[in-house]
Amino acid sequence: MAGRRPNGPTLGKISQFKLVLLGESAVGKSSLVLRFVKGQFHEYQESTIGAAFLTQTICLDDTTVKFEIWDTAGQERYHSLAPMYYRGAQAAIVVYDITNMDTFVRAKNWVKELQRQASASIIIALAGNKADLASKRAVDFQEAQIYAEDNNLLFMETSAKTAMNVNEAFVAIAKKLPRNEPQSATGTAGKNLNVSLQETQSSKGQCCSH
């Protein structure tokens, strides 16, 4: 008789999730995605028109998480298209520029819109980008952290330029997402929702090296 393996081995399990990036124009959404997906940074990144689509996978325990990433345009004229991209998304990263208070105010509006119109179970992360420009800081770290805690958001400051917290941000989101596997319900599922990532060394070799 065959051994009892209800759904075959779980080691090769791939969980696929739709993730959308939202935020004002020029806060660095595309740069964050490019750094995460390709490990690259371009000083002069062209503005996204409509939205760009990329994929990237990371490994958590015995599960491979595949992100389908929609990088939306920040210009006001594209705002009406945003629901097309965040509808059905399991995760969203709302990005602001730590040197520009207006982009933080706008980020709060995006969070409100997601809370009102996106899936009730969506995981929302708030990313204060351009942390390498801390000397020009306009948005206080603690102010953003308190706002994130009050709204049950993952929060981290990132730098697409130096790679600070970029991989860590996507890993933190992946750990919060359900993976529909009874066997893998341990470990990562019960972490505190209000995660604040301090500056850590970005590690590229996190995926399936064993």
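Helices (H or I, at least four residues) and strands (E, at least two) are DSSP runs, numbered from the N terminus. The structure is a predicted model, in which local features need pLDDT of at least 70, side-chain atom pairs count only at pLDDT 80 or more, and totals for chains, interfaces and linings use all residues. Residues are numbered from 1 along each chain as its sequence is written, and side-chain values use heavy atoms, with hydrogens and water left out.

**Exercise 1. Place N165 and A26 in the chain, and describe their backbone and exposure.**

Solution.
Step 1. N165 sits in the loop between β6 and α5. Its phi is positive, about 65°, although N165 is not a glycine.
Step 2. Exposure is judged by relative accessible area: buried is under 20%, exposed is over 50%, and partly exposed is in between (1.4 Å probe, protein chains only). N165 has 0% relative accessibility, so it counts as buried.
Step 3. A26 belongs to the loop between β1 and α1. A26 also is not a glycine, yet has a positive phi, of about 75°.
Step 4. With a relative accessible area of 60%, A26 is exposed.
Step 5. As background, most residues other than glycine have a negative phi.

**Exercise 2. Write down the order of helices and strands, and count them.**

Solution.
Step 1. Following the sequence gives the pattern β-α-β-β-α-β-α-β-α-β-α-β.
Step 2. The count is 5 helices and 7 strands.
Step 3. For the chain as a whole, 47% of the 210 residues are buried.
Step 4. A contact means heavy atoms within 4.5 Å. Of the contacts between residues at least 6 apart in sequence, 75% join residues at least 24 apart.

**Exercise 3. Find the largest nonpolar core and the elements that build it.**

Solution.
Step 1. A nonpolar core is a set of buried Ala, Val, Leu, Ile, Met, Phe, Trp, Tyr and Cys residues joined through side-chain atoms within 4.5 Å.
Step 2. The largest such core holds 30 residues, and those with the most contacts inside it are L19, F36, F67, I69, I93, F170 and I173.
Step 3. Two or more residues each come from β1 (14-23), α1 (29-38), β2 (51-60), β3 (63-72), β4 (91-97), β5 (123-129), β6 (154-157) and α5 (166-176). Helix α5 supplies the largest share, 6 residues.
Step 4. Take F36 as an example: leaving out residues up to four places away in sequence, F36 touches Q56, I58, F67, I69, V166, N167 and F170.
Step 5. A second, separate core has 26 residues, among them L114, A118, F141 and F155.
Step 6. In soluble globular proteins, nonpolar side chains tend to be buried together.

**Exercise 4. Is Y86 buried or exposed, and which residues does Y86 contact?**

Solution.
Step 1. Y86 is part of helix α2 (residues 82-86).
Step 2. Its relative accessible area is 2%, so Y86 is buried.
Step 3. Beyond its neighbours within four places in sequence, Y86 contacts V20, L22, W110, E113, L114, Q117 and A118.
Step 4. Y86 and S119 stand 33 residues apart in sequence, and their C-alpha atoms are 8.5 Å apart.

**Exercise 5. Describe the largest pocket and the two cavities.**

Solution.
Step 1. On a 1 Å grid over the protein atoms alone, a cavity is a set of points where a 1.4 Å probe fits but cannot get out; a pocket is an open set with protein on both sides within 12 Å along at least five of seven lines; lining residues have an atom within 4 Å of a point. Points are joined across faces, edges and corners, and a volume is the space filled by probe spheres set on them.
Step 2. The largest pocket has a volume of about 500 Å³. It is lined by 27 residues, of which A26, V27, G28, S31 and K130 are the closest to its centre.
Step 3. Helix α1 gives the largest share of this lining, 3 residues.
Step 4. There are 2 cavities of 30 Å³ or more. The largest cavity has about 50 Å³ of space, and its lining includes L22, Y78, Y85 and W110.
Step 5. The second largest cavity has a volume of about 40 Å³. The residues lining it are L32, I93, A127, T158, V166, A169 and F170, and α5 gives the most, with 3 residues.
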